[in-house]
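Me: I am in my first year and would like a close look at a single part of this structure, the aromatic rings and the helices that carry them. Please take me through it slowly, in connected prose.

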Amino acid sequence: MNLLHITEKNGGLVLLSEDPPSYNLMEALFGSVATNRRSPKGKSQSTSPSCDASAPSTKSFLLDPRKSQNISIVLKSLAVSQGEILDALIDGKGLNADTLEKLSRVSPTEEEQSLILEYKGNPASVAAAESFLYHILKAVPLAFKRLNAMLFRFNYDSEILEIKESLQTLELGCKELKSQGLFVKLLEAVLKAGNRMNAGTTRGNAQAFNLASLRKLSDVKSTNGKTTLLHFVVEEVVRSEGKCVVLNRNSSLSRSSSRSSNSSGNHENSATSNELREREYTTLGLPLVGGISSEFSNVKKAAHIDYNSLVGSISVLLTRLGEIQELVSRCGNGGEGSFVKEMDQFLRNAEEELKLVREKQTLVLQLINRTTQYYQGGASKGTAEQNLFK
C-alpha cells in the first residue's frame, strides 16, 4: 500500500499519497523501493540492469557447466589472445610458463575433445569455454599435447639441474665418508668399547658392526647414571687426538733444539700435573673432533635424498621425452609452423644430457655401494657384528 504523507498547505492539512523527498533519497541510497507505487509515466522498467546481465546465459554447454565456468575464469585471467595462443601452438614458442601452466589446467579429456570436435552447430551458440576449445582443437592438431610438451620444455632445465645437484651431493658425501680418518677413529673406538663391554659373550670379539648401532650409544648409561657410552667414546677420542697434537708438537720442538740439555724436558714433565695435561689434551682435541660436523656437510645433505625417488625422476624424464618424440613424429606430417623444428632441437639436447646423467647415476650408485661395503662389509658375516649394542 502507499505510504501517506501529511503536509500543511494554505493554512490547512492536506493528505498526500506521494512519497516525500526523503523516501526518494532512501531509494537512491539503498536501491530498495520503500513503497508499492507504480513507476512514473514515461519511464519503463528498462532502466534496471538488462536482462542479459541478470538472467542465466542462453549459451549451451557441451561440457559439465561447472567445469565450463572454471575454464572461462582461467581464460579471462590470461594476458594473451586466442590468436596468440594459436600461433604459439603452431610455432612451438611464444608463451611464458605462467600462461602454459594455466592452459594446462583447462586441458580437456580425450572424451571431451571428441565431444567438442564432433559438434556440428554454430560455435557462437556455445559457452565461452567450449567456443575457445572448439577453435583451438579445430585449428591445431593435438593442440593440448603440444601445449604440455612446451610446458615440459620450460620446466626441464630446473628439473634436470635438481637431479644433477642431488647426484653430485651423493658423490661428495661418499668421498667425505671415505676421506675423513677421524670418523674412522671414532668408529674404531666404538667397536673397541663394544667388544670390551661384550667380552666373554657371543657378541664379543666383533670385527665390524652395523652403523645403525650408533643410535643406541646414547641409550647405554654408566653405572652411576652420569654419562653415556656415546659421551665416553667421544671423550676418549678427543683425549687421544689432543695427545697426538702434544706429542707431535714436542717432537718438533725436540728436533729443533736437539743440542739443548735433555734435563730441561724432564724437569718440565715432572712439574706438570696429570690434571693439567689431561685438560690440555681435551682443549687441543675438542676442536678437531667437533669439526667433523662441518666436514660432513654433503653427508648431511645426502641423508635427506631418497635415492629411489631420484632414480624415478630420471625415468620420468626419459618417458616424457619419448612421448614428445612420438608427438613430433605425428605432427611432422602436417608441416605447418615451426613446432616440429623447435621440439626436435630440444629433444636432441635433452637426450644427450640425460645420457650423461644416466652414466653419472651409474657411477654414483657404484660409489655408494663401495662406501657401504667399506663401512658395513662385515656386518652380514655374523650375529656379533650386527648386534654389538643390542
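Reply: A helix here is a DSSP run of H or I that holds at least four residues, and helices are numbered from the N terminus. With that in hand, we can turn to helix H8, which covers residues 143-179, keeping in mind that the model is a predicted one. Both Phe 152 and Tyr 156 belong to helix H8, where they sit four residues apart, or about one turn of the helix.

A pair of aromatic rings is described by two things, the distance of the centres and the angle of the planes. For Phe 152 and Tyr 156, the ring centres are 6.1 Å apart and the planes stand at 50°, so this pair counts as tilted, because planes under 30 degrees apart would be stacked and those over 60 would be edge-to-face. Phe 152 and Tyr 156 are both buried, and ring pairs join the two of them with Phe 346 into a cluster.

Phe 346 leads us to another pair of helices, since helix H16 covers residues 339-376. Helix H15, residues 307-331, packs with H16 at an angle of about 155°, and their axes are 10 Å apart. Angles over 145 degrees count as roughly antiparallel, and H15 and H16 are therefore roughly antiparallel to each other. The crossing of H15 past H16 is left-handed, and the residues of their contact divide into 20 nonpolar, two polar and three charged.

Helix H8 also has a contact to follow, this time with helix H5, residues 97-105: the two axes come within 9 Å and cross at roughly 140°. That angle makes H5 oblique to H8, and H5 passes H8 in a left-handed crossing.

To set the rings of H8 in context, the structure has five aromatic pairs by the rule used here. One of them is formed by Tyr 119 and Tyr 134, whose ring centres are 6.4 Å apart and whose planes stand at 90°, so this pair is edge-to-face. Tyr 119 lies in the loop between helix H6 (110-117) and helix H7 (128-139), while Tyr 134 lies in helix H7, so the pair ties together parts that are 15 residues apart in sequence. Tyr 119 and Tyr 134 are each buried.

A last look at the cysteines completes the picture. The structure holds zero disulfides; Cys 331 is buried, with a relative accessible area of 7%, whereas Cys 244 is partly exposed, with a relative accessible area of 35%.

Conventions
Residues numbered from 1 in each chain as written. Predicted model: local features only at pLDDT ≥ 70, side-chain atom pairs only at ≥ 80, totals over all residues. Heavy atoms only, no water. Axes fitted to C-alpha atoms, helices over the stretch in contact; angles between N-to-C directions. Helix = DSSP H or I, 4+ residues; strand = E, 2+ residues; numbered from the N terminus. Parallel < 35°, antiparallel > 145°, perpendicular 65-115°, else oblique. Left-handed = near helix turned anticlockwise from the far one by under 90°. Nonpolar A, V, L, I, M, F, W, Y, C, P; charged D, E, K, R; others polar. Disulfide = S-S within 2.5 Å. Buried < 20%, exposed > 50% of the residue type's maximum accessible area, 1.4 Å probe, protein only. Phe/Tyr/Trp six-rings, centres within 6.5 Å; stacked < 30°, edge-to-face > 60°.
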